Amino acid sequence: MKSLKVVFLGTPEFAKTSLEAIHQSNHEVVGVVTVADKASGRGQKINQSPVKVYASENNIPVFQPEKLRNPEFLEELRKLDADVFVVVAFRMMPKVLFEMPKMGTFNLHASLLPDYRGAAPINYAVINGEEKTGATTFFINEKIDEGNILLQEELEILPDENAGSLHDRLMVMGSKLVVKTLDGLAENAITERSQPHVEHPKNAYKIFKEDTRINWKAPSKTVHQFILGMSPYPAAFTTIKIGDEEKGLKIFAGKFEATDHGKPSGTLDISKNEFKIYTEDGVYFPLELQLEGKKRMTVKDFLNGFRNFDEISL
């Protein structure tokens, strides 16, 4: 099989897995483009992206431009004479960059396009209670996630699966799809096709802090899927009142029951042995949570931290 020269563009762990798969295939990674190193945490320790760490360990040239239109950077990439660019979990790219390689630039997206275009496809597939999702490789054009499809593969979403678990399974599946796409392009065995027109495709907009608040007036199943879809990151939250103090409470996992309770949505029953929150049509039982300023813990450990339950409310 013909070996392609590849420039890889990506940043997080999700991308690193695809980079590793390409590097271990018969294709050659001639360069990697990733985010600049960042100082973070209390000690302002310099952190490198997972993609940079892997590339450095395997002696692959790394580029970390602040601006993707930087003429020196573009010239350095041209010199690599890559056949194709592969993009996984990166940022918006200018036309001058994605049109550079002979075969074009393709992206791996964690959904079955055209549904769930956007920054958070894995979260929204779980939030919306989908039974299946998948991964798509497609040629990049000037519109976000709208280019011609190369390959697509489905993946079943397991009952009560959270976004973290689905992310990890799609990460592995997607890395194999990337190599399969490179193999197909090398052999001229893939016919690209335009994305089917859907009147109202499901969207996966970027999630902001205000989007993660739990709506207790929703049905129990909706609340449950929302919490799963936000877990473990960015994490669904509510606010809890302890005496006169209001604190954020992240909920990572729980279970629900449909029941006629006649109580206002968003009220709670809490005691040494039980923590339940009333929804529109039932009850939600948090099982893993994190109070602002504390570590993530089981509901048992959480309840053990209180003596007076009368002063607690949502």
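Helices (H or I, at least four residues) and strands (E, at least two) are DSSP runs, numbered from the N terminus. What you see here is a predicted model, where local features need pLDDT of at least 70, side-chain atom pairs count only at pLDDT 80 or more, and totals for chains, interfaces and linings use all residues. Residues are numbered from 1 along each chain as its sequence is written, and side-chain values use heavy atoms, with hydrogens and water left out.

**View 1. The whole protein, with its 8 helices and 16 strands.** To get your bearings, picture a C-alpha trace that spans about 70 × 50 × 30 Å along its principal axes. Of the 314 residues, 48% count as buried (buried means under 20% relative accessible area, exposed over 50%, and partly exposed in between, using a 1.4 Å probe and protein chains only). Now for contacts, meaning heavy atoms within 4.5 Å: among those with a separation of 6 or more, 64% come from residues 24 or more positions apart.

**View 2. A turn at Asp-81, between α3 and β6.** Asp-81 sits in the loop that links α3 (71-80) to β6. Its phi is near 50°, a positive value in a residue other than glycine. Asp-81 counts as partly exposed because its relative accessibility is 43%.

**View 3. Asn-59, in the loop between α2 and β5.** Here the loop runs between α2 (50-57) and β5 (62-63). Asn-59 has a positive phi too, near 55°, and is not a glycine. With 72% relative accessibility, Asn-59 counts as exposed.

**View 4. Helix α1 meets helix α6.** Two packed helices are described by the angle between their axes and the distance between the axes. For α1 (residues 13-23) and α6 (residues 163-186), the axes come within 8 Å and cross at roughly 35°; axes are lines fitted to C-alpha atoms, for helices over the stretch in contact, and angles run from 0 to 180 degrees between N-to-C directions. The crossing is right-handed (the near helix is turned clockwise from the far one by less than a right angle; anticlockwise would be left-handed). On the α1 side, look for residues including Phe-14, Ala-21 and Ile-22; on the α6 side, Leu-170, Val-178 and Leu-182 are among the partners. The contact residues divide into 9 nonpolar, 5 polar and 1 charged (Ala, Val, Leu, Ile, Met, Phe, Trp, Tyr, Cys and Pro count as nonpolar, Asp, Glu, Lys and Arg as charged, and the others, Gly among them, as polar).

**View 5. The largest pocket, with about 1400 Å³ of space.** A pocket, on a 1 Å grid over the protein atoms alone, is an open set of points where a 1.4 Å probe fits, with protein on both sides within 12 Å along at least five of seven lines; lining residues have an atom within 4 Å of a point. Grid points are joined across faces, edges and corners, and the volume is the space filled by probe spheres set on the points. Of the 45 lining residues, the closest to the centre are Ala-89, Phe-90, Gly-118, Ala-119 and Ala-120. Helix α6 gives the most to the lining, with 4 residues. The lining divides into 27 nonpolar, 9 polar and 9 charged residues.

**View 6. A cis peptide bond between Leu-113 and Pro-114.** Omega is about 20° at this bond. Pro-114 belongs to the loop between β7 and α5.
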